[in-house]
Amino acid sequence: MALRKQHKLPQAAVIKQILKRCSNLGKKLHGNDLEGGLTFDVPKGHFAVYVGESRSRYIVPLSFLSHPDFQRLLQRAEEEFGFNHDMGITLPCEEVVFQSLTSMIR
């Protein structure tokens, strides 16, 4: 059984990586149609996440990145899916849990 090497970066470094990836998405996809006919309509200061079994798309403010509960969710997402996505980050939770979390953060 192969052991997966854990790369534990300081929390600030992880947030910087996420911000960089999110800002690069806008540059890469700006003005183009995405698969399925969606346009990349994420306003500045926000990023897209995909949640639940149906991968529903949500637009969340970058300020969520500083909330400890959201950071834990992002860490779980990195462990489960990684962050190499062209369209946004997939979060490993049910939609109702995500909606509850975001309503608490706002």
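The paragraphs below lead from the overall fold of this predicted model to its nonpolar core, its aromatic pairs and its salt bridge.

The protein chain contains 3 helices and 3 strands, and these elements follow one another along the sequence in the pattern α-β-β-α-β-α. Of its 106 residues, 33% count as buried, while the accessible surface comes to about 7300 Å², with 52% of that area belonging to carbon and sulfur atoms. Among contacts between residues at least 6 apart in sequence, 50% join residues that are at least 24 apart.

In soluble globular proteins, nonpolar side chains tend to be buried together. Here the largest nonpolar core has 18 residues, of which V49, F70, I89, L91 and F98 touch the most other members. Two or more residues of this core are given by each of β1 (46–51), β2 (56–61), α2 (68–81), β3 (89–91) and α3 (95–105), and the largest share, 4 residues, comes from α2.

F70 offers a convenient place from which to look around. This residue counts as buried because its relative accessibility is 0%, and, leaving aside neighbours within four places in sequence, F70 is in contact with F47, V60, F64, L65, L91, F98, L101 and I105.

The aromatic rings add further detail, since the count comes to 3 aromatic pairs. Y58 and F98 form a tilted pair, with 4.9 Å from centre to centre and 55° between the planes; this pair links distant parts of the chain, for Y58 lies in strand β2 and F98 in helix α3, 40 residues apart. Both Y58 and F98 are buried. F64 and F70, in turn, form an edge-to-face pair, with 5.7 Å from centre to centre and 65° between the planes. F64 counts as buried, its relative accessibility being 2%, and F47, F64 and F70 together form one aromatic cluster.

A charged contact remains to be described. A search of the whole structure finds 1 salt bridge, which D69 forms with R72, the closest N and O atoms being 2.2 Å apart. Because the two residues are 3 apart in helix α2, D69 and R72 are separated by about one helical turn. D69 counts as partly exposed at 27% relative accessibility, and R72 is likewise partly exposed, with a relative accessible area of 46%. Helix α2 thus holds both partners of this salt bridge and also gives the largest share of the nonpolar core.

Terms used: Residues numbered from 1 in each chain as written. Predicted model: local features only at pLDDT ≥ 70, side-chain atom pairs only at ≥ 80, totals over all residues. Heavy atoms only, no water. Core = buried A, V, L, I, M, F, W, Y, C linked by side-chain atoms within 4.5 Å. Buried < 20%, exposed > 50% of the residue type's maximum accessible area, 1.4 Å probe, protein only. Contact = heavy atoms within 4.5 Å. Salt bridge = Lys/Arg side-chain N within 4 Å of Asp/Glu carboxyl O. Areas by Shrake-Rupley, 256 points an atom, 1.4 Å probe, with all protein chains shown as cover. Phe/Tyr/Trp six-rings, centres within 6.5 Å; stacked < 30°, edge-to-face > 60°.
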